[in-house]
Amino acid sequence: IGNFRSPLFKGVPDGSYLYFVHGFYVETGAATAATTAYGVEFSSALFHKNFHAVQFHPEKSGSVGRRILENFLSL
């Protein structure tokens, strides 16, 4: 995961690994907050005004997921 554009990813290193369950994805666009490259590059997180959404499971993503959840709680 990389190309961060959201306070949700403060302190998360570019290239971090996160847990994904399914093969569905959202194409990149103006609201893309982070991308993942797995066959194709897609939006792994979206951010618009006060709306944050992720494709991955932060609760299953170890220390990186914990950091993202901590960031979410501090928004």
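The paragraphs below lead through a predicted model, going from its nonpolar core to its aromatic pairs and then to its surface.

In soluble globular proteins, nonpolar side chains tend to be buried together. In this model the largest nonpolar core has 12 residues, namely Ile-1, Leu-8, Phe-9, Val-12, Leu-18, Ala-33, Ala-34, Ala-45, Phe-47, Phe-56, Val-64 and Ile-68. At least two residues of this core come from each of β1, β2 and α1, where β1 covers residues 32-38, strand β2 covers residues 40-48 and helix α1 covers residues 62-73.

Ala-33 is a useful place from which to look at this core. This residue is in strand β1, and it counts as buried because its relative accessibility is 1%, under the 20% that sets the limit for that class. When neighbours within four places in sequence are left aside, Ala-33 is in contact with Asn-3, Phe-4, Arg-5, Ser-6, Phe-9, Ala-45, Leu-46 and Phe-47. Of these partners, Phe-9, Ala-45 and Phe-47 are listed with Ala-33 among the residues of the core. Val-64 is also listed in the core, yet the C-alpha atoms of Ala-33 and Val-64 are separated by 16 Å, with their positions 31 residues apart along the chain. The two can nevertheless belong to one set, because a core is defined by joining buried residues through side-chain atoms within 4.5 Å.

The aromatic residues give a second view of the structure, in which the count comes to 5 aromatic pairs. Phe-20 and Phe-42 form one that is edge-to-face, at 5.9 Å centre to centre and with 85 degrees between the planes; the assignment follows because angles over 60 degrees fall in that class. This pair links distant parts of the chain, since Phe-20 lies in the segment before β1 and Phe-42 in strand β2, 22 residues apart. The two rings differ in their surroundings: Phe-20 is partly exposed, with a relative accessible area of 27%, whereas Phe-42 is buried, with a relative accessible area of 8%.

Phe-42 also pairs with Tyr-25, in a tilted arrangement of 5.6 Å centre to centre and 45 degrees between the planes. Because Tyr-25 lies in the segment before β1 and Phe-42 in strand β2, this pair ties together parts that are 17 residues apart in sequence. Tyr-25 itself is partly exposed, with a relative accessible area of 44%. Phe-20, Tyr-25 and Phe-42 belong, together with Phe-4, Phe-9 and Phe-56, to one aromatic cluster, and of these members Phe-9 and Phe-56 are also listed in the largest nonpolar core.

Helix α1 holds both a buried polar residue and an exposed nonpolar one. Asn-71 is in this helix and counts as buried, at 6% relative accessibility. Its contacts, neighbours within four places again left aside, are Pro-7, Leu-8, Phe-9 and Lys-10. The C-alpha atoms of Asn-71 and Gly-11 are 8.9 Å apart, although the two residues stand 60 residues apart along the chain.

Leu-73 is likewise in helix α1, but counts as exposed because its relative accessibility is 72%. With Phe-72 and Leu-75, Leu-73 forms a nonpolar patch on the surface, and the three together have about 360 Å² of accessible area.

Note on methods. Residues numbered from 1 in each chain as written. Predicted model: local features only at pLDDT ≥ 70, side-chain atom pairs only at ≥ 80, totals over all residues. Heavy atoms only, no water. Phe/Tyr/Trp six-rings, centres within 6.5 Å; stacked < 30°, edge-to-face > 60°. Helix = DSSP H or I, 4+ residues; strand = E, 2+ residues; numbered from the N terminus. Buried < 20%, exposed > 50% of the residue type's maximum accessible area, 1.4 Å probe, protein only. Patch = residues over 30% accessible without salt bridge, like charges linked within 9 Å, V, L, I, M, F, W, Y side chains within 5 Å. Areas by Shrake-Rupley, 256 points an atom, 1.4 Å probe, with all protein chains shown as cover. Salt bridge = Lys/Arg side-chain N within 4 Å of Asp/Glu carboxyl O. Contact = heavy atoms within 4.5 Å.
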